[in-house]
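Biologist: Let us go through this model term by term. I want each label set against its cut-off.

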Amino acid sequence: MKHRVQPANRLVGDICPPSDKSVSHRAAILNSLAEGAAVIENYSGGADCQSTLRCLRSMGVIAENIPIEGSESGTHSLKISSPGLEGFIEPREILNAGNSGTTMRFLLGVLAAAPFVSVLTGDRSLRTRPMGRIVHPLVEMGCNIIGRQGGSLAPIAVRGGSLHGIDYEMPVPSAQVKSSLIIAGLFGDGSTILRQRSYSRDHTERMLEAMGASLVEDGLVVEVRPGAILKPVNVKVSGDISAAAFWLVASAVHPDSSVQLRNVGINPTRSEVIDILKAMGAKIRIENRHIEGGEPVADLLIESSELTGVEISGTQIPIVQDEVPILALAACFAKGTTIIRDAAELRVKESDRLFTTAKELSSLGAHIRETDDGLVIEGTGYLNGGSCRSYGDHRLAMTLGVAGLVAKDAVVISGSEAVDVSYPGFWDDMDMLTTN
Ligand code: S3P
């Protein structure tokens with residue numbers, strides 16, 4: 001599918017970004033581990049989170065839409081009713097995680113503890129993404145698990161069951177790996193200790209603690225003590241800051257804009273993008289800060305800003321990696337050079353995001369160069385119109401959509417349907433901000 005985006009005269013309005021993808025996955029998967037029912041308000045409608053529900057249903061979890069009491073607009077909440085991990089049934093079919101790395105990696109932790117045989121696969125992109133980072137420590141925990149290329153690639157077959165606790169130094173700072181091992185650790189025969197080199201998003205730890213799990217966090221070390229009975233927890237999912245980031249950048253870069261983003265999650269392990277944009281000179285105001293379901297939430301207000309290039313590297317990368325493509329676009333409009341380093345992990349996302357971001361933004365006239373582990377962008381203050389492609393990567397499709405709003409001419413994006421993975425209403429929200 002192709003989508004044509006015309007440069008916008010103005011960007012004005014007020015939107016609620018879509019429900020947080022990371023929190024939605026966790027709300028469904030973690031609640032399924034507990035016996036009983038939980039209601040998840042504002043569960044993500046993105047394809048990734050639907051893949052998670054499809055897999056959970058294959059193991060006997062009931063996930064049903066229920067109308068929200070008092071709501072006239074027909075909005076629904078999701079009710080998860082589960083027999084708990086011990087009551088899961090052996091799936092008859094191969095579990096398909098679609099495009100979703102989070103689904104596959106989290107479920108590997110779940111399946112490692114489930115006493116049956118299962119096979120997990122995904123779409124063409126997911127079948128090329130590294131799974132050894134989870135398979136190897138799960139093998140160390142005593143799990144029978146095999147996959148293509150020595151366990152590095154899906155399809156992956158698991159014979160779950162009894163697991164040992166391990167003391168594990170994580171070579172890759174990854175919230176998905178950490179979460180998968182925390183889940184497996186909950187069902188081990190002793191404590192599992194995970195030693196991280198750098199912080200990554202901590203939604204799993206927050207939610208499991210609310211469910212009664214025994215986790216001891218000491219800086220970069222997480223200890224999982226098995227044995228606690230997990231209780232289901234109702235979750236109200238806030239807006240996804242990784243989706244809000246597209247409008248933050250669009251509004252900062254556009255010369256005539258003022259945008260409000262309501263109810264956005266600003267967990268400190270996710271909100272680095274705000275700090276980076278502020279360091280670049282973006283005029284962002286954070287209002288109405290409050291806590292919802294153990295997660296900090298706020299409204300973000302942003303208007304046209306003069307940006308300056310920055311360096312993004314080291315411990316910033318794991319907590320801003322999903323926003324790198326859109327930050328690269330911001331850098332095209334910033335004075336001076338922006339350097340992004342230590343970001344080789346972007347090469348194993350839904351696309352090789354260093355290659356695809358550099359290639360597509362260059363095709364629009366950006367002065368952007370790919371390095372082994374990052375990008376170097378000389379800000380020129382403009383992008384041209386043109387035709388580009390998403391490589392099936394939702395974050396690239398949305399970055400190119402924003403490029404169309406601020407370029408000199410229209411941008412046509414092929415593979416524009418990729419936005420459905422995390423933000424099915426992206427083009428509608430764009431229309432809303434440009435027709436005011
Ligand atoms: C996610 C973690 C991140 C991120 C992904 C979602 C999560 O990956 O890129 O989009 O929900 O845990 P890492 O596992 O590399 O941190």
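**Helix α4 and the ligand site**

Modeller: Among the elements that cover the buried residues of α4 are α3 (101-113), β8 (144-147), α5 (148-151), β9 (153-159), β10 (167-169) and α6 (175-186). Contact means heavy atoms within 4.5 Å. The model is predicted: local features need pLDDT of at least 70, side-chain atom pairs count only at pLDDT 80 or more, and totals for chains, interfaces and linings use all residues. Residues are numbered from 1 along each chain as its sequence is written, and side-chain values use heavy atoms, with hydrogens and water left out.

Biologist: Which residues of α4 are called buried?

Modeller: In α4 (residues 132-140), they are G132, R133, I134, V135, P137 and L138. Buried means under 20% relative accessible area (1.4 Å probe, protein chains only), so these six residues fall under that cut-off. After α4 comes G142, with a positive phi near 100°.

Biologist: What makes a residue part of the group around the ligand?

Modeller: One of its heavy atoms must lie within 4 Å of the ligand. S22, R26, T102, S174, A175, Q176, R201, Q321, D322 and K349 qualify. α1 (21-33) and α6 each supply at least two residues of this shell.

Biologist: Why is the S174 pair called a polar contact?

Modeller: The cut-off is a pair of N or O atoms within 3.5 Å. A polar side-chain atom of S174 lies 2.6 Å from a ligand oxygen, so the pair meets the definition. D322 has a side-chain N or O atom 2.6 Å from a ligand oxygen. For K349 the distance is 2.8 Å. Taken alone, the ligand exposes 380 Å², and the protein buries 98% of that.

Terms used
Buried < 20%, exposed > 50% of the residue type's maximum accessible area, 1.4 Å probe, protein only. Helix = DSSP H or I, 4+ residues; strand = E, 2+ residues; numbered from the N terminus. Polar contact = N/O pair within 3.5 Å; in protein donor to acceptor, adjacent residues only side chain to side chain. Areas by Shrake-Rupley, 256 points an atom, 1.4 Å probe, with all protein chains shown as cover.
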